[in-house]
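Trainee: Could we go through one part of this model together, step by step? I would like to see how each conclusion is reached.

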Amino acid sequence: MEETPRGLLKRLFGYDEFRLNQGDAIDHVMGGGDCLLLMPTGGGKSLCYQIPAILRPGIGVVISPLIALMHDQVNGLVQSGVRAAYMNSTMNYEEFVQVSRAAMRGELDLLYVAPERAMKPSFMDFLSRISLSVIAIDEAHCVSQWGHDFRPEYLRLGELGRAFPEVPRIAVTATADELTRKEILSRLDLNGGKVFVSGFDRPNIRYQVVMKEKPKKQLLDFLRGNHRNDSGIVYCMTRRKTESIAQWLRDNGIKALSYHGGMGAEERRTVQERFQDEDAVVVVATIAFGMGIDKPDVRFVAHLDMPKSLAAYYQETGRAGRDGLPADAWMTYGMADVTGQLKLIEMSEGDERYKRISRQNLEIMLGYCETTDCRRRSLLSFFGDSCDVPCGNCDTCLNPVETWDGTVQAQKALSCVYRTGQIYGTGHLIDVLLGRGTKKVLEAGHDQVSTFGIGDDLNERQWRSVYRQLLAMGVLSVVSDGYGGLRLCGDSWPVLRGERRLSFRVDEVKTSEKSSRSSTSEVSTKGSSEFDGNPLWEALRAKRLELAKEHGVPAYVIFHDATLRQMLELRPDSLDEMSCLQGVGFKKLDLYGMDFIEVLKSFEI
Ligand code: ADP
Ligand code: ZN
């Protein structure tokens, strides 16, 4: 009898059930259909093309932009007993010939290639001489010219469909906003294909946004309070900042490395490898870091600066907790982030449409930061997914936001913008409201305007918060010259005329707080750090590291933390019992099962 997708899932990968839309997408591709699969990072997209590639006759070709990761990806598959190989520029001629021969003889299930190679006439010719089971396009959002991962070679991938019309194609990505989705379908010529969107919720990630006060100290407190021995990523806007923050963390005893696009390829690869292979490495990076990071046990993603869109934010934070264990997405943000982003948009070379979309993205991002509602709910609604009840695992759920009626203060803040000519930024406006006779105020004659000194009901911090929230609500706009001046807009007037009341969130005054994890039903609340110091746990990890070194693969390729935890809890004492654990397929059982059983036995009392 032929093996079913589910049978293969258990035999090779050691999992009992498909997740999300995996089963449906696989059936569709097995039947020869094209599709676009949108699933969050860590959702399990790879299996959706790997399983059809293995079960259908012929070889599955995977177009992937991540040359640096191909080696690990293919290694992981080989460890599970899949006949996989890659072709990329890191190989020498002999290796090349070897892989092509294996493909010609039908001895491969999966072949990974970079997009620039895929479109070469010689490679197309090669493809036409082997039998293909599926064509998979990984990180399909790289086709989008609006995204930061744009890869020009992706624009030509539609040709594959025309060259091999009988081979099913599956494009996968974790970026799911409407615009990108449409672009992928049209540019990859997938318009007849089915779209599978699944569960963008990542219940194990706790979302938190804090006001930027002393960002470095806030970051350090967050790391010390919650992630002493964990791997994680800290995102910053600029290259220079990644370096200075990494240095500062190192000075404070944290194993931190910086990563950005200005570094040499070799240096970048080293950072990526250390992150994947070592324990508790923190990478401080620009957005250049991350696409295709395959590490399942990233315990936190921190943003020191606000990302430019909610889609980018979600993708970046999605790199945390792919193993399903608790993880944090933590961000500090302040007004300067907004004006800084706006400045970048104005200075960019994009056309008016690009700028308009960018400004819109920024507004949505800002709305997320300032929301008084459940963060998860606001994220999911952006992706067209719903979430009926507050999630219980974000900062606004855990510490419900207090609000206050700020109608009068909003009127003062808006009139001050109007009276001073609608060109100044918050610093100056607040000086005027607080009646400070600074040089700039005096020179502009703003000690004479009617709003001078009318703001002593709030302090400077509170006025900043009012301005930020007015912007987030769309009741105030930024002058589009990139200098961060504020101006009124259509929605300002009802407030000024007293026709609309506004309430604001009370900003947390505390700058740092060790967040206590409350349990929710779906999420296992035990982080792996909970077992730190447990001798059996340490012994299992030590065994894993030893095997990883011996086989030249990252530790998680041997077994995930989640599998080790099951060993700890269930104490399997035979290969049969071991094979029931999640993540133990036949090949890994054979390769490593006994090693771990021996460790477990040595701890029996
Ligand atoms: P992505 O969607 O980011 O490409 P991957 O395909 O790398 O995600 O899968 C993320 C992790 O989830 C992998 O470690 C994979 O082995 C695991 N996984 C995938 N499918 C399942 C499943 N049905 N059950 C349990 N774990 C799964
Ligand atoms: Zn919530």
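Trainee: How many bridges join β3 to β4, and in which direction do the two strands run?

Mentor: This is a predicted model, and what follows is computed from it. In the pairing, Ala 84 of β3 stands opposite Leu 110 in β4. The strands β3 and β4 run parallel, and the number of bridges joining them is 4.

Trainee: Which residues of β3 are buried on each of its faces?

Mentor: In a regular strand, side chains alternate between the two faces of the sheet, so neighbours in sequence should be assigned to opposite faces. In β3 both faces are covered, with Ala 84 and Tyr 86 buried on one side, and on the other Ala 85 and Met 87.

Trainee: What distance should separate the ends of α5, and what does the model give?

Mentor: Helix α5 has 12 residues, 93–104, and at 1.5 Å a residue the expected span is 16 Å. The end C-alpha atoms agree with this expectation, since their separation is 16 Å.

Trainee: Against which elements do the buried residues of α5 pack?

Mentor: Val 99, Ser 100, Ala 102 and Ala 103 are buried in α5. They cover an arc of only 160° around the axis, and therefore lie on the same side of α5. On the other side, Tyr 93, Glu 94, Gln 98 and Arg 101 are exposed. The buried residues pack against β2 (59–63), β3 (84–87), β4 (110–113) and α7 (121–129).

Trainee: What is the handedness of the unit made by β3, α5 and β4?

Mentor: The two strands β3 and β4 run parallel. Together with α5 they make a β-α-β unit, and its handedness is right-handed.

Note on methods
Residues are numbered from 1 along each chain as its sequence is written. Chains are lettered from A and ligands numbered from 1 in the order in which they are written. This is a predicted model: local features need pLDDT of at least 70, side-chain atom pairs count only at pLDDT 80 or more; totals for chains, interfaces and linings use all residues. Side-chain values use heavy atoms; hydrogens and water are left out. The expected span of a helix is 1.5 Å times one less than its number of residues. Buried means under 20% relative accessible area, exposed over 50%, partly exposed in between (1.4 Å probe, protein chains only). The arc is that of the directions from the helix axis to the C-beta atoms. Contact means heavy atoms within 4.5 Å. Two strands pair if DSSP finds at least two bridges between them. A crossover is right-handed if, with the strands pointing away from the viewer, the path from the first strand over the helix to the second runs clockwise.
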